[in-house]
Amino acid sequence: MHSVFRKNGPTHAIVEPSGGDTKTIYTIEPENIKTMLHTNFSDYHRSRNMPNALDPVMGQGIFTSNGKAWAHSRSLVKAQFSTQRVRNVTKIEPYVQNVFKEVGNIGKDGWTEPLEVLLTFNRFTLDSATEFMFGTSAESHRVAMREKEMFIAKKKKRGVRAKYWLVMTDFGTAFDIALDYVALRLKLGRLWFLADGFWFRIACYKVKSYADNYIREAVAHAGEAAKRAQKKEKGAAARDVDSEAVDLDDRRYGLISELVGSYPDKVALRNQVMQLLVAGRDTTAATLTWSFILLEAHPTEFNRLQSNIIEHFGTECNPSRPVTFENLKSCAYLQWVISEVVRLYPTGPLNARKAFVNTVLPVGGGVDGKSPVAVKAGTTVAYNTYLLHRREELWGEGSWDFKPERWEGRKTGWEYIPFHGGPQTCLGRKLHFPTPVRWPMGQLDATFRR
């Protein structure tokens, strides 16, 4: 893709050979992306293929809808991301400790055993995300350890029965299988329906039933709380009601306990929660994985980050300040590292929108590429975030290099969109996303020396 953009310019089109109609416009121009995602946001919609591809797993929701349906979903969910729940770092601590267990002890040679960190971070983010969504973790780490004992220690092969047992008993396994199929369905585009089968359907059933179970409990919980609130208003047994209301308002059912009242249709509630769960799991795990890959390859930056974290928080045996949401945000070099990681490896490297009406992009036309470009209704406009973040004219010399220091005093615009932009900016940008990334990075970097 890089060579294509170098040859054809930062904005170019693929034209049908027969009819001459523009099929797709590709762009890495910040002004064009701003126009699509912000200035003329209503002129563009998500492709219809996405809802079809995702439907068996997560139905229709905030990431698959357009227009009024999307605006309604966004307004309901956004309010919950401003609550104290997403700032509670202590909820993540048990799952960080699970990561330490998987990493294992340091051997005599100064190294731990080899570890596939992406799988480890997938389990960490799934466990912390289900804690946030449902108030109870999926415990995928515990299941993974049990699976290892059964199929590795006993040297047993994973046959059909074993796979079926795992899918039906472990939410994490079912979730992974379902998302593997979804990824293939998205790649197939209009042929999404070709990616289907028994394992996909059984995984979807397990994922949905898991979510439905917690939603039923949250609905019953909310109903009981409402009844007791009515009794309190009537003045009946006020003291007893108050003491019981504390237990009923402990939000132990996670985010769903706050969304129950907004979604009379429980299938719609499940769809919203599942879409948020998918978005929170994969993006965070990918960022953590790339962080450690890049830090391992850059010892100077690793050592500086480790020193900065220890200076900021102290050691595990001698902490200097508590690890809170606010203190994590104030650790500047840690923030620079994360910003640089998602610049080089954004979790959504290629995105697209389809023009809903005849519209215009501000630049990319003419001989010099500075004139407007007409976009016919039905045309797909794809923007490559991966290459946008590496343009030398935007980021300076060494734009392909890992340099956290470039973020000192830097303010960004539409040349940096790891969380997209405009009305559809990622909800977890300033709240949920930074916590599960910064917290384990800080813990691991402060503990292990390179």
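Partly exposed describes a residue whose relative accessible area lies between the buried limit, under 20%, and the exposed limit, over 50%. L191 is partly exposed because its relative accessible area is 44%. The model discussed here is predicted. A search of the whole structure returns nine salt bridges and zero disulfides. The points below cover cysteines, charge pairs, surface patches and one loop residue.

**Cysteines**

- No disulfide turns up anywhere in the structure.
- A disulfide is a covalent bond that joins the sulfur atoms of two cysteines.
- C331 has a relative accessible area of 0%, so this cysteine is buried.
- C426 is partly exposed, because its relative accessibility is 34%.

**Salt bridges between separate parts of the chain**

- Side chains of opposite charge can pair when their charged atoms come close.
- D176 and R281 form a salt bridge in which the closest N and O atoms are 2.9 Å apart.
- This pair links distant parts of the chain, as D176 belongs to helix α9 (residues 171-188) and R281 to helix α13 (residues 266-297), with their positions 105 residues apart in sequence.
- The partners differ in burial class: R281 is buried at 4% relative accessible area, whereas D176 is partly exposed at 29%.
- R406 and E340 also meet through their side chains in a salt bridge, with an N to O distance of 2.9 Å.
- Because R406 sits in the loop between α18 (392-395) and α19 (434-447) while E340 is in helix α16 (residues 332-344), this salt bridge ties together parts that are 66 residues apart in sequence.
- Both partners fall under the 20% limit for buried residues: R406 has a relative accessible area of 15%, and E340 has a relative accessibility of 0%.

**Other salt bridges**

- E29, R391 and E393 are joined into one network by salt bridges that share partners.
- R201 and D196 pair through their side chains, with 2.7 Å from N to O.
- R201 counts as partly exposed, since its relative accessibility is 43%.
- D196 is partly exposed as well, with a relative accessible area of 33%.

**Surface patches**

- Four residues, K23, R48, R190 and K354, gather on the surface in a patch of positive charge.
- One of them, K354, is located in strand β4 (residues 350-355).
- K354 has a relative accessible area of 34%, so this lysine is partly exposed.
- Its value also passes the patch requirement of over 30% relative accessible area.
- L191, F193 and L194 make a nonpolar surface patch of about 310 Å².
- L191 is placed in the loop between α9 and α10 (198-234).
- The 44% relative accessible area of L191 likewise passes the over 30% requirement for a patch.

**The loop between α18 and α19**

- D401 lies in the loop between α18 and α19.
- With 38% relative accessibility, D401 counts as partly exposed.
- D401 and R390 are 11 residues apart in sequence, and their C-alpha atoms are 8.8 Å apart in space.
- R406, the partner of E340 in a salt bridge, is in this loop too.
- R406 is buried, because its relative accessible area is 15%.

Key:
Residues are numbered from 1 along each chain as its sequence is written. This is a predicted model: local features need pLDDT of at least 70, side-chain atom pairs count only at pLDDT 80 or more; totals for chains, interfaces and linings use all residues. Side-chain values use heavy atoms; hydrogens and water are left out. A disulfide is a pair of cysteine sulfur atoms within 2.5 Å. Buried means under 20% relative accessible area, exposed over 50%, partly exposed in between (1.4 Å probe, protein chains only). Helices (H or I, at least four residues) and strands (E, at least two) are DSSP runs, numbered from the N terminus. Patches are made of residues with over 30% relative accessible area and no salt bridge: like charges are joined within 9 Å, nonpolar side chains (Val, Leu, Ile, Met, Phe, Trp, Tyr) within 5 Å. Accessible areas come from the Shrake-Rupley method with a 1.4 Å probe; for residues, only the protein chains shown count as cover. Lys and Arg count as positive and Asp and Glu as negative; His and the chain ends are not counted. The place of a charge is taken as NZ of Lys, CZ of Arg, CG of Asp or CD of Glu.
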